[in-house]
Amino acid sequence: MTQVADYVLQRLTEWGVNRVYGYPGDGINGLLGAFDRADGNPEFIQVRHEEMAAFMACAHAKFTGEVGVCTATSGPGAVHLLNGLYDAKLDHQPVVAVVGQQKRLSLGAHYQQEIPLDRLFADVSEFCQMVVHPGQARHVIDRAFKTALTTRGVATVIIPSDVQGEDAQPSPPKMHGSVFSSVGWSRPRALPDPDELRRAADVLNEGSKVAMLVGQGAAKAQAEVVEVAELLGAGVAKALLGREVLPDDLPFVTGPIGLLGSKASDNMMQGCDTLLMVGTSFPYSEWLPDEGQARGVEIDIDGRMIGIRYPMDAHLVGDAKETLRALVPLLRRKDDRSWREKIEKDVREWDDLCDRWASQHFGGRINPQAVAAELSPRLPDGCILTADSGSGTNWWARHLKLRQGMQASLSGTLATMGPGTPYAIAARFAYPDRPVIAFVGDGAFQMNGMNEMITVKRYLDRLAGSAPFIFCVFNNQDLNQVTWEQRAMAGDPKYPGSQFIPDVPYAAYAQLIGLKGIVCDNPKKIGEAWDEALASDVPVVLEFKVDQEIAPIPPHIMKAQGKKAAKAVLHDPEKAGITGKGIRQKLTEYAEHLPGRGEK
């Protein structure tokens, strides 16, 4: 007789699940036995920590558009899932978590590893239900998937260990209380009200300086975004989660926005009279137009998120692709292209500035900007790029230029440390023939990335191959992003007690466990190091010894932050270095205005 655990895994495969990320424990012993009997369909991928399983499930959803699935044991294992599940919740990704629980008999007895999981997962989950009867498993699994897909969120299924081993009831008895559900879901067509569409078109047609900001909600609407931008003579800035919406080689794409953003995006937002936001909940008002400066139109599929970042004149609740298609016939092409020409000039000047920043080296140490700048022209076609949260994210956002067919993601709204490595691993499992490159700081790599190299080793036969698989580690012995935030936001100097981290031989560690390790500490050999890593048929840990004193200079410096940073520097242990290097980098920004320098 089939057990409930076997039936659950069978139902997962009917929902298209081929891979479940998790870590074992006696609370899911029944499921582990079922995975063994399932003979790889679905496959259990053993990670080093349950948090990594949740990150990988989230990444699977981001890169494939499918539901990502993770599993963990009762008690501590379940708790470990939460950070990765919140990453999925806040970035609107469909993830199903299947979690073990103590036997029903012991619930409420303050038993070992007994935690009220329904309460623990209540906030992170759009749907959370415990299976207490074999006949319930079918509709709980089905509703978990339907909810995750519909809400683009997390659904949690809790299965006590004794229920896992009971005889399955794929079709419960036809009686009062029984529920008969089916596998299946389809994406609806979501279009806004026609009157609101006409109102939006009027706003956009009347504007003379239109700025567009796109996020991950516009990922399936690339052609439509380009068509609208061309009609309106607009530039397009991209939130970090929307990096792959448009390739960076389009001349009107201004790149990232915000603290990690480009001067071209900042100039566009400061000068526009009309703002069109598509599929983004970018939250930082200081990088958007001043209130009253611009009229606004927003497209978002979630009515709860419409018009909560900037005051909008038209609120288009609908799918980005469908809504833009409906909007295009109502738009008039703008004959005056001077605004577009200014945007394209700003983009060229920003790209030139980034190149000049990256070309500077100080005292023989590697400029971290150069690490990204040297990789950018070498990016393999169709590659997948991931980033962790840290100062390296600045260079990932600014210096890597995505081309058509590339994908990129990171922890956007939660902005947690730790997902860069598991994101890359999940991407490689999903697309074993595509190049995958992760940018990870040494802090995040020490936090959990090094452990996940053991996962890479465990599945080396699957994860190695002709397509490059690279973990680029920025080794500066500093929790660098927080250090700069201390200076600019708190007005405090760097506190070595919290910010210094030990120098660890990351590349040597990779070699020790059977991967390839490359160390680069010479600014003249950055390109050679990338070439060697990109040519490897074994996963690579590529370690760059980078300068911790290179500031991630924002597109414009807020007055209050400038004062705090200046105050912090007076007592900073790296006062001389950050002052001298910061001045040189800032002067580079104005070099184009010096006599004898023309536009590139």
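This is a friendly conversation about side-chain contacts and backbone features in a predicted model.

Visitor: How many salt bridges does a search of the whole structure find?
Guide: Side chains of opposite charge can pair when their charged atoms come close. A search over the whole structure puts the number of salt bridges at 32.

Visitor: Which residue meets Asp142 in a salt bridge?
Guide: Asp142 belongs to helix H6 (residues 137-151), and its partner sits in helix H1 (residues 4-14), 131 residues apart, so the pair links distant parts of the chain. The N to O distance is 2.7 Å, and the partner is Arg11.

Visitor: Is Arg11 buried or exposed?
Guide: The cut-off for buried is under 20% relative accessible area. Arg11 has 8%, so Arg11 is buried. Its partner Asp142, at 0%, also counts as buried.

Visitor: What is the N to O distance in the salt bridge of Arg104 and Asp162?
Guide: Both partners are partly exposed, with relative accessible areas of 30% for Arg104 and 21% for Asp162. Their side chains meet in a salt bridge with an N to O distance of 2.9 Å.

Visitor: Why does the pair of Arg104 and Asp162 tie together separate parts of the sequence?
Guide: Let's place each partner. Arg104 is in the loop between strand E4 (95-101) and helix H5 (117-120), while Asp162 is in helix H7 (residues 161-164). The pair therefore ties together parts whose separation in sequence is 58 residues.

Visitor: Which helix holds both Asp346 and Lys342?
Guide: These two form a salt bridge, with their closest N and O atoms 2.9 Å apart. Asp346 counts as buried at 11% relative accessibility, whereas Lys342 counts as partly exposed at 40%. They are four residues apart, about one turn of the helix, and that helix is H12 (residues 338-359).

Visitor: Which residues do salt bridges that share partners join into one network?
Guide: Here the shared partners are what connect the individual salt bridges. The one network they make consists of Glu230, Arg337, Arg340 and Glu344.

Visitor: Where is there a cis peptide bond, and what is its omega?
Guide: Most peptide bonds are trans. The cis bond here leads to Pro42, which lies in the loop between helix H2 (29-38) and strand E2 (43-46). It joins Asn41 and Pro42, with omega about 5°.

Visitor: What is the phi of Gln113?
Guide: Most residues other than glycine have a negative phi. Gln113 lies in the loop between E4 and H5 and counts as partly exposed at 29% relative accessibility. Although Gln113 is not a glycine, its phi is positive, about 60°.

Visitor: Where is Arg152 found, given its positive phi?
Guide: The phi of Arg152 is near 50°, a positive value in a residue other than glycine. At 25% relative accessibility, Arg152 counts as partly exposed. Its place is the loop between H6 and strand E6 (154-160).

Visitor: How many aromatic pairs does the search find, and how are the rings of Phe439 and Trp530 arranged?
Guide: The search of the whole structure finds twelve aromatic pairs. The ring centres of Phe439 and Trp530 are 6.3 Å apart and their planes are at 20°. Planes under 30 degrees apart count as stacked, so this pair is stacked.

Visitor: How far apart in sequence are the parts tied together by Phe439 and Trp530?
Guide: Both residues are buried, Phe439 at 3% and Trp530 at 0% relative accessible area. Phe439 lies in strand E15 (residues 436-441) and Trp530 in helix H21 (residues 526-534), so the parts are apart in sequence by 91 residues.

Visitor: Which residues form one aromatic cluster?
Guide: Trp530 also pairs with Phe544 in a tilted arrangement, 5.7 Å centre to centre with 40° between the planes. Phe544 lies in strand E18 (residues 540-545) and is buried, with a relative accessible area of 0%. The cluster is formed by Phe439, Phe474, Trp530 and Phe544.

Visitor: Which ring does the charged end of Arg487 sit over?
Guide: A charge over a ring also appears at Arg243, which lies over the face of Trp396 at 5.0 Å from the ring centre. For Arg487, the distance to the ring centre is 4.4 Å, and the ring belongs to Trp484.

Conventions: Residues numbered from 1 in each chain as written. Predicted model: local features only at pLDDT ≥ 70, side-chain atom pairs only at ≥ 80, totals over all residues. Heavy atoms only, no water. Salt bridge = Lys/Arg side-chain N within 4 Å of Asp/Glu carboxyl O. Helix = DSSP H or I, 4+ residues; strand = E, 2+ residues; numbered from the N terminus. Buried < 20%, exposed > 50% of the residue type's maximum accessible area, 1.4 Å probe, protein only. Phe/Tyr/Trp six-rings, centres within 6.5 Å; stacked < 30°, edge-to-face > 60°. Lys NZ or Arg CZ within 6 Å of the ring centre and 35° of its normal.
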